[in-house]
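Q: Could you take me through one part of this model in detail? I would like a close look at the metal site and its surroundings.

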Amino acid sequence: MPMYEFGCPNCGGVTTELCKMGEIGEQLMCSKCGHTGLTKHISGFASLGISGGAGSGGCSSGCSGNCTGCQ
Ligand SMILES: [Zn+2]
């Protein structure tokens, strides 16, 4: 399940949530100030899934391991 980070436009706090695909965070509340309408940021884990498709193993640098040598 992809993990997303949501930035709060009110206080600048970041809320991390596991979300179903397609959810955009409009229903989420900031964990710090309770503001709604958070802005989604793609986490590191999720961005690997976009380029590689599988979400684990492989990365944008083309390695087939766990990226210990390519970052
Ligand atoms: Zn906030």
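A: Here is a walk through the metal site, starting from the chain around it. Please keep in mind that this is a predicted model. The chain has 1 helix and 3 strands, arranged along the sequence as β-β-β-α.

Now to the metal itself. Four cysteines coordinate the zinc ion through their SG atoms: Cys 8, Cys 11, Cys 30 and Cys 33, at 2.3 to 2.4 Å. Along the chain, these donors follow the spacing C-x2-C-x18-C-x2-C. The arrangement is tetrahedral because the 4 donor atoms subtend angles of 105 to 116° around the zinc ion; the criterion asks that all angles lie between 85 and 135 degrees.

Two of the ligands can be compared by their exposure. Cys 8 has a relative accessible area of 5% and is therefore buried, the cut-off being under 20%. Cys 11, at 39% relative accessibility, counts as partly exposed, since that class lies between the buried limit and the exposed one of over 50%.

It also helps to look at the hairpin of S1 and S2, which has 6 residues between the strands. Strand S1 covers residues 3-7 and strand S2 residues 14-18. The two pair in the antiparallel sense over 5 bridges, and within this pairing Tyr 4 stands opposite Glu 17 in S2. In the same hairpin, Gly 12 takes a positive phi near 85°.

For the wider setting, buried residues make up 23% of the 71 residues in the chain, and Cys 8 is one of the buried residues.

Technical notes: Residues numbered from 1 in each chain as written. Predicted model: local features only at pLDDT ≥ 70, side-chain atom pairs only at ≥ 80, totals over all residues. Heavy atoms only, no water. Helix = DSSP H or I, 4+ residues; strand = E, 2+ residues; numbered from the N terminus. Buried < 20%, exposed > 50% of the residue type's maximum accessible area, 1.4 Å probe, protein only. Pairing = 2+ DSSP bridges. Donors = N, O, S within 2.8 Å, 3.2 Å for Na, K, Ca; no water. Tetrahedral: all angles 85-135°; square planar, octahedral: opposite > 155°, others 65-115°.
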